[in-house]
Amino acid sequence: MRRSAAGRPWPAQILDGQGLLAALVPGTIIVNHGTGDPTEAVRIAEHVAQAGGVYLDAPVSGGGPAARARTPTTFTGGSRDAFEAARPVFDTFSDTVKLMGAVGAGQITKLFNNALTITNMKNAEDVLGLAAQVGLDLPALIEVVSASSGGSAALHALGRDITPELAEHVHTLMHKDMHHFGDAVRASGGDPSEVLERGLAGAAGLVEAARTVAHARKYAAAGRSGA
């Protein structure tokens with residue numbers, strides 16, 4: 001869970017430390033679009049309810065490109081009434097909006113989404129690493145495969161959006177989310193071991209894969225300019 005500079009959890013810092021709950025009008029809907037622990041979402045909802053408010057956990061997916069295009073997906077957990085009241089707002093910046101269940105269900109759905117993304121990223125990292133070893137033109141490979149049956153959102157992101165600098169930040173978020181995923185699955189009686197291991201490996205390999213792709217792009221650009 002993220003913490004403020006003062007060491008307090010971010011929800012407590014915002015809700016209590018900054019006086020949001022103390023000034024809350026009864027019936028106000030508070031929405032959290034961050035990604036985190038589903039059990040923490042339940043605790044926050046109970047805390048908000050004691051102050052007379054209603055809580056929705058509504059993490060979003062799509063990253064910067066989707067945010068700029070107003071096409072994120074919003075996964076929501078909470079009551080149907082609160083969801084329907086908030087949906088017109090969600091629709092202004094989301095391409096897809098879905099109520100997944102009670103509070104915490106939005107977080108669980110986002111974590112499963114991220115587990116698929118990160119394990120797919122591991123696939124892309126492995127295949128692109130082998131392609132580099134055999135001398136394939138990586139930018140050309142990514143372009144043609146992205147338009148073919150081997151394409152994926154992970155490959156597209158690695159080929160276009162994830163720079164080495166961004167990868168330094170993203171891989172830490174991936175690592176955090178995979179641990180939240182593992183905790184959520186275990187709390188529900190499942191065994192996340194295999195998916196968790198592959199997802200953590202995908203997170204660990206992201207920076208090196210991004211550097212490999214960036215180097216290949218630079219090399220290809222130099223070849224074109226010298227031709």
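**Fold, aromatic pairs and salt bridges in a predicted model**

Read from one end of the sequence to the other, the protein chain runs through the pattern α-β-α-β-β-α-β-α-β-α-α-α-α-α. That makes nine helices and five strands. The model is a predicted one, and the local features picked out below come from parts with a pLDDT of at least 70. The C-alpha trace spans about 70 × 35 × 35 Å along its principal axes. Of the 227 residues in the protein chain, 37% count as buried. Among contacts with a separation of 6 or more, 64% are between residues 24 or more positions apart.

As for the surface, the protein chain exposes about 12400 Å², and 57% of that area is supplied by carbon and sulfur atoms. On the charge side, there are 19 positive and 22 negative side chains. The centres of these two sets lie 5 Å apart.

Strand β4, which covers residues 73-77, holds Thr76. Thr76 has a relative accessible area of 0%, so it counts as buried. Setting aside neighbours within four places in sequence, Thr76 still has a good list of partners: Leu56, Asp57 and Ala58 are among its contacts, and so are Phe83 and Phe90. The list also includes the run Val97, Lys98, Leu99, Met100 and Gly101, along with Gly106.

Phe90, one of those contacts of Thr76, comes up again with the aromatic rings. The count of aromatic pairs comes to two. In one of them, Phe90 meets Phe93 edge-to-face, with 6.2 Å centre to centre and 70° between the planes. Phe90 is buried, because its relative accessibility is 2%. Phe93, at 22% relative accessibility, counts as partly exposed, since the cut-off for buried is under 20%.

The other pair is formed by Phe112 and Phe181, again edge-to-face, at 5.0 Å centre to centre and 75° between the planes. Phe112 belongs to helix α5 and Phe181 to helix α8 (residues 164-187), so this pair ties together parts that are 69 residues apart in sequence. Phe112 is partly exposed, with 45% relative accessibility, whereas Phe181 is buried at 5%.

Now for the charged side chains. Side chains of opposite charge can pair when their charged atoms come close. In this model the count comes to eight salt bridges. One of them joins Lys122 to Asp126, with the closest N and O atoms 3.0 Å apart. Lys122 is found in helix α5, which takes in residues 105-133. Lys122 and Asp126 are four residues apart in that helix, so about one helical turn separates them. Which of the two counts as buried, Lys122 or Asp126? Lys122 does, because its relative accessible area is 18% and the limit for buried is under 20%. Asp126, with 32%, is partly exposed. Beyond the neighbours within four places in sequence, Lys122 is in contact with Arg198, Ala201 and Gly202.

Another salt bridge runs between Arg211 and Glu168, where the closest N and O atoms are 3.1 Å apart. This pair links distant parts of the chain: Arg211 sits in helix α9 (residues 193-226) and Glu168 in helix α8, 43 residues apart. Both ends count as partly exposed, Arg211 at 41% relative accessibility and Glu168 at 37%.

Lys176 and Asp177 also meet through their side chains in a salt bridge, at 2.5 Å from N to O. Lys176 is partly exposed, with a relative accessible area of 26%. Asp177 is buried, because its relative accessible area is 8%. Elsewhere, salt bridges that share partners join Lys122, Asp126 and Arg198 into one network. Arg198 is thus named twice around Lys122, as a contact and as a member of that network.

Terms used:
Residues are numbered from 1 along each chain as its sequence is written. This is a predicted model: local features need pLDDT of at least 70, side-chain atom pairs count only at pLDDT 80 or more; totals for chains, interfaces and linings use all residues. Side-chain values use heavy atoms; hydrogens and water are left out. Helices (H or I, at least four residues) and strands (E, at least two) are DSSP runs, numbered from the N terminus. Buried means under 20% relative accessible area, exposed over 50%, partly exposed in between (1.4 Å probe, protein chains only). Contact means heavy atoms within 4.5 Å. Accessible areas come from the Shrake-Rupley method with a 1.4 Å probe; for residues, only the protein chains shown count as cover. Lys and Arg count as positive and Asp and Glu as negative; His and the chain ends are not counted. The place of a charge is taken as NZ of Lys, CZ of Arg, CG of Asp or CD of Glu. Rings of Phe, Tyr and Trp (its six-membered ring) pair if their centres lie within 6.5 Å; planes under 30 degrees apart count as stacked, over 60 as edge-to-face and the rest as tilted. A salt bridge is a side-chain nitrogen of Lys or Arg within 4 Å of a carboxyl oxygen of Asp or Glu.
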